[in-house]
Each structure stands twice: as C-alpha cells, then as structure tokens.
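Dear colleague,

I am passing a structure on to you with this email, and below it you will find notes on what came out of looking through it. Please keep the structure open beside the text as you read.

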Amino acid sequence: MSRQPQLVIANATVVNSHGRQEAHIVVQDGRIARLVDAAQPVPAADNTIDATGKLVIPGGVDGHCHVAQVTGRFRTLDDYRTTSTAALWGGTTTIIDFGIPRDAQETPLAAALHKKELATQSRCDVALHGSVVSWDETVPWQLEQLAAEGIRSVKMYTTNRGSTMADGDTILKVMREMVRLDGLTYIHAEHDPIIADCTGQHAQDGRIGIEHLHRTRPELAEEISVKETLAMAEYTGAPVYFVHQSTPGAVDLVSQARDRGLEAYSETCPHYVTLDDSVYGSRFPEWFACCPPMRSAETVAALKERLVSGAIHTMSSDHSCYDLSQKRERTDDVRAMPHGLPGVETRMPVTFTAMTSAGATVEQFVEAFAAAPARINAVPAKGRIAEGFDADLVVFDPAEERTVDGSALHMGTDFSPFDGKALRGWPAVVVSNGRVVLDADGFHDPGSVGRFIDRNGFREHRSGAPEASQLTAAL
C-alpha cells in the first residue's frame, strides 16, 4: 500500500514558463509526485497548504552568485549558510557559485573543490562554475576533473588585469576544451585596454572617486568585448554565456550571433533594469559600486525592453556580499574599492516588479527567474513544476506589495541597493526539496541539507537527457 504524500499544495494556480493550470501539487520524497486537476478532491497528505488565490511557480535558480569570495585583500562577509538562507527567503532554491582562484598559486581545480567543501553548509541546493585565469599544460586535465565533479561551465574575465583577467589566448584555448567536454563558457565581457586607459585618464584628472564610476567603464568597452568574444566562440564552436549584460548593444550582438546559428546567451541583473547612473550622484553612491556600473536612464529603458522581448535569457543576482565599511574604505578611488552588490534575496521581487510593470507575463518572469537558468546551465530536475522534478516551489500573491528594508534582510550585510523601493512578487511560502522552509510562521532552518548538483553536459541536456534524472549527490 502506497504511503500518504508528505505535502500537498492545494488549489494552486501553477505557472510554468510554458503556461499555467489549476492544480493540486502532490509532493513525495522531495519530488513532485503528480499534479491533480483542481476540480478533483484535494488528496490527503501529512501537510496541506491552501494556495487559493495565489500563484505557485518553480523555485528560483540563480546562475550567478559569489559566496565567500576572495578578491585581492577583500573577502565577502557571507558563507554558504548565510547566502543559502537568504536565497530561500527570496524564493531561490538553487544557487550556482564560482570557484575562482584567489591568486596565482591556487589552481582552477583547487578553487572549485574548496568551494564544494564550503558548500556542505548550504541550506539549498548548490552547483558550481569553474574559472580559469591563465593557461598552462595542466588546464585540460583540470577541466576534465571539473567535468567529472559535475562542474560543466568555466568563467573567464576579459578585464581585471593582474587578478582575474584571462588573456585572449587563454579564452580561446579554454573554449576549445569546453567544446570537447560538452561544457559552457561563461564570460565577464569588458574590454580591458579601454577600461584601463579610461580609468587612468580619470585618475589623472582627479575624477576617480565612486561618484565617477559610471564614466570610467563606458558602454563601448562592454560591447567591443562581447563582439571579440563572440568571434572566438564562432571560430571554436563553443557555446557562450555572457554575464551581467548592461547595455542593449551588447544584447543585440548576442541576438545577431544567435541568428547566425551560434549558441550564445545573455544574462542581466535586477539592478541593471531598475537603477540608472543617477545613483552615483546620490547621498550614498557607494551602495552602487559594481562592474559594469549602472547606465543612463535611456540605456536602462532599452535594456528592459530586451528583457521583456525575450532577447535576454536569464536574470541572475551577481550576489556579492560586501558591507558598507568595506565599500567606504576607498570611495576616493574606484580602482581600490570592492565591487559587487548583495542581491540573492531580492532577485525575485525586483525582477517580478520590473518585468510585469513593463508588460511581461508571469510566464515570462518564470522563464528568466527559474526555467532558463536551469535549462541553459543543464541543471537537472529544476526550473519546472512537473511530475518527477524536484519539489522546489514558491507560493505568492502577485498583488501583494512590500517595501525593501535593507536592515531586515538576511544576506549578512548592512544595506541593499533597493532599500526603500516598493516591490511586488515576494514569496509567502517556499518549499525546497519538499521541505517547507518559509511560511507565515517565518523561516524554518532545515540545516545543512543542500545537495551538490552534478550538472549535465550542455548539448547532452539539450538533446533530450531526462531533466528529472537522478544526477544529484548528497554533499
């Protein structure tokens, strides 16, 4: 005789990226066992949540987080317990972090394995990207080892000389290896010579403080770097994913490449479709120190149009948890201050508000927030409410509005770039692997139960590998 389900979410309006239905969601052993038409009686369960009048969407997949990140002399103030808790508070049930070498002595493999060990404290599921800074004869073997560990993507920076920047030879050689290993190349695209020269000119003129950040990293630098990288991707046949695109021109270059048959993808972040460069003239410009910087209001509007049209594929937080004391150490020189914003907890309401206020459907929001990040990053059993998929679910009222209070968030820092903004799309109930971790009674810490997700190969996933296959391993 079969066991009674552990959880049923009853009377739900289930919204996937491809459509919606009225259903009761039956959860058993951390998976979605079945969807029952809402006209049928509610199945008996150990725990029943009534979602009448609310939407239920897949748990978010944040493909771009930096947890416990060391960059130069700065380290973000979070750990996996903190960031995964904040993610769950914000309706995100899977995060993808980066194993970026801290210095020239740490190898790509060592950096990733270190992060994998730290991730044993996670409350939600975790996957990883690798990262390569410089090429040597061991890199192909290291990339093979990363793939064997379920790490099927590698990030490289085209800027930040002297720290994380990879030169063109390295990028091209890594792209070749990622084709061989059926992986995905991630790129932070900003043209380093232009940025170095522009920043140097501003320094000579005494205009190098945080209030000038947006002038030191011009839109042209991003777009030229995207164009050059796409040429290398076309030459090698490598699938390529551009992180945190901040200009419509950069997105259009990716769209044009896709029209030519390239497997190329655009990501943006909530701050690039919500905030403009006037923030650098505000009372607290250090709240907005990130690279690329915020752009003009006209650019922001055009970027949001690309998001709603579907030209931008994913919305990620680029979460980097510095606090204001770190930000304020060197506001006099943008070259010396840490860049990055806390955002894993606010990604859902900022994205939902920005997209739906611009005419997007909830289905389009689900695509950017959960479905596309899972699909493009080949994360099995995520991003969809369907039988056999992980029971990662978010219940919310799309009409409910709350105002962001940075001091009341859970990201381990003391500010939010969205402080004071009225937003819709906050989670009321969050279910992670079948566990109710957030409801009207608050947060229920599940402990260190997050799993490390072994990702599929990029083309393997696209060619029909079962998305709900058993490719997860306990941390």
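**Backbone features in the loops**

A381 is found in the loop that runs between α12 (362–376) and β18 (393–396). Before going further, please bear in mind that this is a predicted model. The backbone at A381 has a phi near 70 degrees, which is a positive value in a residue other than glycine, and A381 counts as buried because its relative accessibility is 1%, where buried means under 20%.

D318 also calls for a look, since this residue is not a glycine and yet has a positive phi of about 55 degrees. You will find D318 in the loop between β16 (314–315) and β17 (319–320), and with a relative accessibility of 10% D318 counts as buried.

A further backbone feature is the peptide bond from C291 to P292, which is cis, with omega near 0 degrees. P292 belongs to the loop between β15 (264–268) and α9 (297–309).

**S317 and T351**

S317 sits in the loop between β16 and β17, and S317 is buried, with a relative accessible area of 2%. Which residues are in contact with S317 once its neighbours within four places in sequence are left aside? They are D62, H64, C65, C269, P270, H271, G343, V344 and R347. With D62, the side chain of S317 makes a side-chain polar contact of 2.6 Å, while the backbone nitrogen of H319 is reached by the side chain of S317 at 3.1 Å. If you would like a sense of distance, S317 and T247 are 70 residues apart in sequence, and their C-alpha atoms are 17 Å apart in space.

T351 is part of helix α11, which covers residues 347–357, and at 1% relative accessibility T351 counts as buried. When its neighbours within four places in sequence are set aside, T351 is in contact with P270, M315 and F365.

**Two pockets**

Next come the open spaces in the protein. Rolling a probe the size of a water molecule over the atoms shows where empty space is left.

The largest pocket has a volume of about 840 Å³. Its lining is made of 37 residues, and those that lie nearest the centre of the largest pocket are T71, N160, S163, C291 and H339; C291, as described above, is also the residue that leads into the cis peptide bond to P292. Which element gives the most to the lining of the largest pocket? The answer is α5, with four residues, and β12 (153–157), α5 (192–204) and α6 (213–216) each supply at least two residues of that lining. Divided by class, the lining of the largest pocket has 13 nonpolar, 16 polar and eight charged residues.

The second largest pocket holds about 330 Å³ of space. It is lined by 21 residues, of which P101, D103, A104, E106 and V133 lie nearest its centre, and β8 (70–71) and α3 (139–148) each supply at least two residues of the lining. Here the lining residues divide into seven nonpolar, 10 polar and four charged.

**Salt bridges**

The count of salt bridges in the model comes to 30. One of them joins the side chains of E106 and R102, at 3.0 Å from N to O; E106, which was named above among the residues nearest the centre of the second largest pocket, counts as buried at 13% relative accessibility, whereas R102 counts as partly exposed at 45%.

Another salt bridge links E190 with R217, with the closest N and O atoms 3.0 Å apart. Because E190 lies in the loop between β13 (184–188) and α5, and R217 in the loop between α6 and α7 (219–236), this pair ties together parts that are 27 residues apart in sequence. Are the two partners buried or exposed? E190 is buried, with a relative accessible area of 1%, and R217 is buried, with a relative accessible area of 10%.

The side chains of R402 and E400 meet in a salt bridge as well, at 3.1 Å from N to O. In this pair R402 is partly exposed, with a relative accessible area of 31%, and E400 counts as partly exposed at 30% relative accessibility.

Finally, R31, D125, K382, D390, D392 and R451 are linked in a network of salt bridges.

With kind regards

Conventions:
Residues are numbered from 1 along each chain as its sequence is written. This is a predicted model: local features need pLDDT of at least 70, side-chain atom pairs count only at pLDDT 80 or more; totals for chains, interfaces and linings use all residues. Side-chain values use heavy atoms; hydrogens and water are left out. Buried means under 20% relative accessible area, exposed over 50%, partly exposed in between (1.4 Å probe, protein chains only). On a 1 Å grid over the protein atoms alone, a cavity is a set of points where a 1.4 Å probe fits but cannot get out, and a pocket is an open set with protein on both sides within 12 Å along at least five of seven lines; lining residues have an atom within 4 Å of a point. Grid points are joined across faces, edges and corners, and a volume is the space filled by probe spheres set on the points. Ala, Val, Leu, Ile, Met, Phe, Trp, Tyr, Cys and Pro count as nonpolar, Asp, Glu, Lys and Arg as charged, and the others, Gly among them, as polar. Contact means heavy atoms within 4.5 Å. A polar contact is a pair of N or O atoms within 3.5 Å; within protein, one must be able to donate a hydrogen and the other to accept it, and residues adjacent in sequence count only if both atoms are side-chain atoms. A salt bridge is a side-chain nitrogen of Lys or Arg within 4 Å of a carboxyl oxygen of Asp or Glu.
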